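Hi everyone, thanks for having me. Please take a look at the picture on the screen, and then we'll walk through it together.

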Amino acid sequence: VILLLNRRRMAAEYGGDKRVKDAQLRAAINEKLTSTGEREQLKNELRKKLIECGWRDQLKAHCKEIVREKGLENVSVDDLVAELTPKGRALVPDQVKKDLLHMIRTFLAQQTSL
């Protein structure tokens with residue numbers, strides 16, 4: 001993951017070739033997470049942490065506010081997703097992000113030492 005972050009920075013500085021390698025690295029990491037079942041465990045842990053910190057309730061309240069403002073008949077699922085996605089990402093506490101990144105790094109370190 002650290003390598004991925006460093007590669008992203010370098011890709012921005014040096015252009016396209018690094019972007020291809022970034023995408024390949026991301027795909028390889030995702031495949032490893034998926035094939036070992038770790039991705040599902042990470043998702044469950046993230047879901048638990050987001051509920052514990054009140055993120056889910058905040059997003060649910062924002063969703064209700066949008067529906068109230070626009071009216072149920074005037075809001076589609078796509079509209080809700082478009083409005084909730086940036087808000088949802090912004091509301092994720094930094095500590096939750098750090099914890100998830102730490103879990104991914106730990107997993108990858110264990111995989112490389114096997």
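Let's start with a question: what pattern does the chain follow when you read along the sequence? The answer is α-α-α-α-α-α. In other words, there are 6 helices and 0 strands in the chain. Please keep in mind that we are looking at a predicted model.

Now a few overall values. The chain has 114 residues, and buried residues make up 20% of them. About 8400 Å² of the chain is exposed, with carbon and sulfur atoms supplying 54% of that area. And if you take the contacts between residues at least 6 apart in sequence, 53% of them join residues at least 24 apart.

Let's move on to one pair of helices. Two packed helices are described by the angle between their axes and the distance between the axes. Our pair is H4, residues 55-70, and H5, residues 77-91. Their axes come within 10 Å and cross at roughly 150°. How are H4 and H5 oriented to each other? Angles over 145 degrees count as roughly antiparallel, so that is what we call H4 and H5. Their crossing is right-handed.

Who makes the contact? On the H4 side you can find Trp55, Gln58, Leu59, His62, Cys63, Ile66, Val67 and Lys70. On the H5 side, look for Leu80, Glu83, Leu84, Lys87, Gly88 and Leu91. Sorted by type, the residues of this contact are 8 nonpolar, 3 polar and 3 charged.

Let's zoom in on one of them, Glu83, which lies in helix H5. Leaving aside neighbours within four places in sequence, which residues is Glu83 in contact with? They are His62, Ile66 and Lys70. Take His62: Glu83 and His62 are 21 residues apart along the chain, and their C-alpha atoms are separated by 9.3 Å. Glu83 has 30% relative accessibility, so it counts as partly exposed.

Next, follow the chain into the loop between H4 and H5, where you will find Val75. Is Val75 buried or exposed? Buried means under 20% relative accessible area, and Val75 has 16% relative accessibility, so Val75 counts as buried. Not counting residues up to four places away in sequence, Val75 touches Ile66, Val67, Lys70 and Leu80. You have met those four names already: Ile66, Val67 and Lys70 are listed for H4 in the helix contact, and Leu80 for H5.

My last stop is Arg56, in helix H4. With a relative accessible area of 48%, Arg56 is partly exposed. Arg56 touches Leu50 and Ile51, again not counting residues up to four places away in sequence. Try finding Gly88 too: Arg56 and Gly88 are 32 residues apart along the chain, with their C-alpha atoms separated by 8.7 Å.

To recap, we saw a chain with 6 helices, and a right-handed crossing of H4 and H5. Thanks for listening!

Conventions
Residues are numbered from 1 along each chain as its sequence is written. This is a predicted model: local features need pLDDT of at least 70, side-chain atom pairs count only at pLDDT 80 or more; totals for chains, interfaces and linings use all residues. Side-chain values use heavy atoms; hydrogens and water are left out. Axes are lines fitted to C-alpha atoms, for helices over the stretch in contact, and angles run from 0 to 180 degrees between N-to-C directions. Helices (H or I, at least four residues) and strands (E, at least two) are DSSP runs, numbered from the N terminus. Angles under 35 degrees count as roughly parallel, over 145 as roughly antiparallel, 65 to 115 as roughly perpendicular and the rest as oblique. A crossing is left-handed if the near helix is turned anticlockwise from the far one by less than a right angle, and right-handed if clockwise. Contact means heavy atoms within 4.5 Å. Ala, Val, Leu, Ile, Met, Phe, Trp, Tyr, Cys and Pro count as nonpolar, Asp, Glu, Lys and Arg as charged, and the others, Gly among them, as polar. Buried means under 20% relative accessible area, exposed over 50%, partly exposed in between (1.4 Å probe, protein chains only). Accessible areas come from the Shrake-Rupley method with a 1.4 Å probe; for residues, only the protein chains shown count as cover.
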